[in-house]
Amino acid sequence: MSNTPVDYALDNTLGIIRVDNPPVNALSQPVREGIIRALEQARTDHSELLLLLCAGRTFIAGADITEFGKPPQAPSLPDVIAALESFPKPVAVALHGTALGGGLELAMACHYRAALPDARLGLPEVKLGLLPGAGGTQRLPRLVGPELALEMITGGAPIRAPQALAAGLLDHMLEGELEPAAVQWAQNLLAQAVPVRPTGERPVPPPAEADFLARHRQQTARKFRGQPAPGYIAELVELALSASLEDGLARERECFLACKASPQSAALRHVFFAERATSKLPDIPADTPLRAVRSAAVIGAGTMGGGIAMCFASAGIPVTLVETRQDYLDNGLEKIRQNYANSVKRGRFTAEAVAGWLATIRGTLDYGDIADVDLVIEAVFENMAVKQEVFRKLDASCKPGCILATNTSYLDVNAIAGATGRPADVIGAHFFSPANVMKLLEVVRAEKTADDVVQTFMKLARTIGKIPVAVGVCHGFVGNRMLQAYGRQAQLLLLEGATPTQVDQAMESWGMAMGPLAVGDLAGLDIGYRSRRDQGIESRSVLESALADTLVEMERLGQKSGAGYYRYDPATRARQADPDVEQLLREIAAQWQVPQREIKDEEIVDRLILALVNEGAAILQEGIAARPSDVDIVYINGYGFPSWRGGPMFHADSLGLDAVVTRLEELRELTGDDCWEPAPLLRKLAAEGNGLESLNGRG
Ligand code: 3HC
Ligand code: NAI
């Protein structure tokens, strides 16, 4: 490997520019400068055609995101790209891995493009609250037409090389090893004496349907509420149809800079790094030897067990489901088949892939059949005695070194581990429902869990497509513990005079995927009801669950019974406000002597969100989560918190911790509730003039 990130060499009349900037060849300043230098050299040497390619696992995966918060450093990416497009000799580019963002923009300015068949090409900037800022909105429509361009830029998902070839984004598919194949292709171009072919000089083909752009604009406004980038993208692609490349690029630059400076983009960039940081455990070396996980078992084929089994099967890890009765097992397996069949119908997976996965899922009633598995995940009823009994059986049946995990939502993992003679092998694996879809996985480290078990689980989580967050043991771990504080405020606000519709709409307008009461109705109010009874809490004995208990006892369980906090239209499932619930609220408030008043949306948002912030800070202080950004990732991926607000802890920083502490004190004053006592960590950081970000361990 050379010590500069860009190398230039001549192979007869072929000039080869090689970018080598691990891990993902991001377009950092030295790379941009290196490409300009190579072009300067090539301008005067005897090269007749240039070939640009990358070393390592991927083509350029984009601009260097770490540079975005810093002052710009010349040469700018648009300047590098302009230099490539206007280069007087033909420039060919060979792609492999992921050609993303600025990487694809650079490739589109080259005159000829080829890729290995498994390459993926995309403009994912929108996921960072940005838009392509180096010509992507102007060049992609010129190459593939406005429809596919808008789909790729607004959706942010990459397309595969064969589709790119068919769409005109690629000219040629390479076969075999990248470099020899690319050189061979470039030699052929040389032999054909191909001319320079600037993309910017091509016209944009008009959309097939005249009203396409207007429809797209409307849909975007609805779908991306609160985010500026998608609106700009629609404008820019439309502009590409009529404006010169120069004018289009100038407007693109303005919009890009506006997005880059937006709080939404700062939040999404935080989320990008936060998502990756969760795997870095401060106290366990990254090179800790891992345990091999080649086979798994799941105990309990219910809602969670079935979904968890699918995660393993889909990742190529054979899995055995264990149940107590044949009919339960048959039902569980049937549900898995149905879920997979639905995914095939929706085009998510092919029928062949699903058939292969299903063949690796076995069922049994006999713990003897799982004696040799490397990992077990228990997903039986949420009851300590039942779980301890299962763990005793696992202890007796499983081979030494087998990792034993529990999917408990709330129970004490130390007590579950204590039922075995091997607590070092026991860990919590809190999946979210539906387990085959939801990305979040809380990896619960119990007191005695061995480091290699934790590290193995963190890696395994990525293998099965999850974002793992390591958490410590407490009631509800990170996510559900914060949810309780949040849900409690929703209940109190109802008794103080808000309606379910008002609470949900306030939170949804703020950006939550769904309001808390609608979520309750969706999940089923009986779940919380049963859990309170299991904990020995008498029905209606607690203010903040009095309404929920009453609704369940009226057989209003939520969507599944047609009514809960709302009524549900049997045909459309649309939620409708229910005057009976509002009457009930008044009665319960009177009974508990809670004075009712008019409540503003702003108070609803403040109370729900600051309850999350204060609980999150307590969780950090107790060391239940390692860093504030881990808390953000939990809440964004498990609870519908808007990613463009960066998560509750990032949001607290953007409000300013001083302002957060002041507002918490005001709420304590207003409600007389001690829950608003600011967490000591918040007070400390605010007094020091620091944000929670200072605890993330990033620059
Ligand atoms: N800039 C800086 N660092 C980056 C980066 C980027 N564009 N892309 C990835 N990295 C870093 C990651 O933070 C990670 O660092 P770490 O090891 O210290 O945690 C390391 O590279 C490896 O990344 P992943 O763990 O994500 O590796 P994967 O192999 O799983 O995925 C990838 C590779 C698909 C390229 C993925 O990293 C990715 O999606 N990257 C971002 C792509 C992107 O958004 N590009 C657009 C950037 S914006 C832009 O180009 C603006 C332009 O229009 C002007
Ligand atoms: P469920 O009731 O749908 O499934 C439990 C299954 O376990 C049943 O099929 C039952 O027959 C089986 N089972 C009971 N005892 C068993 C034993 N001794 N051996 C083998 N199988 C046994 O419950 P669900 O919802 O799947 O929950 C399971 C666990 O996952 C609970 O701990 C729950 O708290 C947790 N969880 C549930 C979530 C949800 O949204 N449903 C989300 C995250 C965690």
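Helix H15 contributes the largest share of the shell around ligand 2, namely three residues, where a residue is counted as near a molecule or strand if one of its heavy atoms lies within 4 Å of it. The structure is a predicted model, in which local features need pLDDT of at least 70 and side-chain atom pairs count only at pLDDT 80 or more, while totals for chains, interfaces and linings use all residues. Residues are numbered from 1 along each chain as its sequence is written, chains are lettered from A and ligands numbered from 1 in the order in which they are written, and side-chain values use heavy atoms, with hydrogens and water left out.

The surroundings of ligand 2 comprise 23 residues, of which Met304, Glu323, Glu382, Lys387 and Ser409 come nearest. Polar contacts are taken as pairs of N or O atoms within 3.5 Å; within protein, one atom must be able to donate a hydrogen and the other to accept it, and residues adjacent in sequence count only if both atoms are side-chain atoms. On this basis, an N or O atom in the side chain of Glu382 is 2.5 Å from an oxygen atom of ligand 2, and a polar side-chain atom of Ser409 lies 2.7 Å from an oxygen atom of the ligand. Tyr367 also takes part, with a polar side-chain atom 3.4 Å from a nitrogen atom of ligand 2. Taken alone, ligand 2 exposes 830 Å², of which the protein buries 79%, with accessible areas obtained by the Shrake-Rupley method with a 1.4 Å probe and, for residues, only the protein chains shown counted as cover. Two or more residues of this shell are given by each of helix H12 (303–314), helix H15 (384–397) and strand E15 (426–431); helices (H or I, at least four residues) and strands (E, at least two) are DSSP runs, numbered from the N terminus. The shell around ligand 2 has eleven nonpolar, nine polar and three charged residues, where Ala, Val, Leu, Ile, Met, Phe, Trp, Tyr, Cys and Pro count as nonpolar, Asp, Glu, Lys and Arg as charged, and the others, Gly among them, as polar.

Around ligand 1 there are 25 residues, and Arg57, Glu105, Glu125, Arg276 and Lys280 come nearest. Backbone N or O atoms of Ala61 and Ala63 lie 2.9 Å and 2.8 Å, respectively, from a nitrogen atom of ligand 1, whereas a polar side-chain atom of Arg276 lies 2.6 Å from an oxygen atom of ligand 1. Ligand 1 exposes 990 Å² when taken alone, and the protein buries 73% of that area. At least two residues of the shell come from each of strand E5 (98–100), helix H3 (102–109) and helix H11 (263–277), with H11 giving the most, three residues. By class, the shell around ligand 1 consists of 14 nonpolar, five polar and six charged residues.

Helix packing was examined for two pairs. The axes of helix H5 (residues 146–155) and helix H9 (residues 229–242) come within 10 Å and cross at roughly 155°, the axes being lines fitted to C-alpha atoms, for helices over the stretch in contact, with angles running from 0 to 180 degrees between N-to-C directions. H5 and H9 are therefore roughly antiparallel to each other. Helix H22 (residues 543–553) packs against helix H23 (residues 579–591) at an angle of about 130°, with the axes 10 Å apart, which makes H22 oblique to H23; angles under 35 degrees count as roughly parallel, over 145 as roughly antiparallel, 65 to 115 as roughly perpendicular and the rest as oblique.

Some backbone features fall in loops. A cis peptide bond with omega about 0° joins Pro22 and Pro23, and Pro23 lies in the loop between strand E2 (14–19) and helix H1 (29–44).
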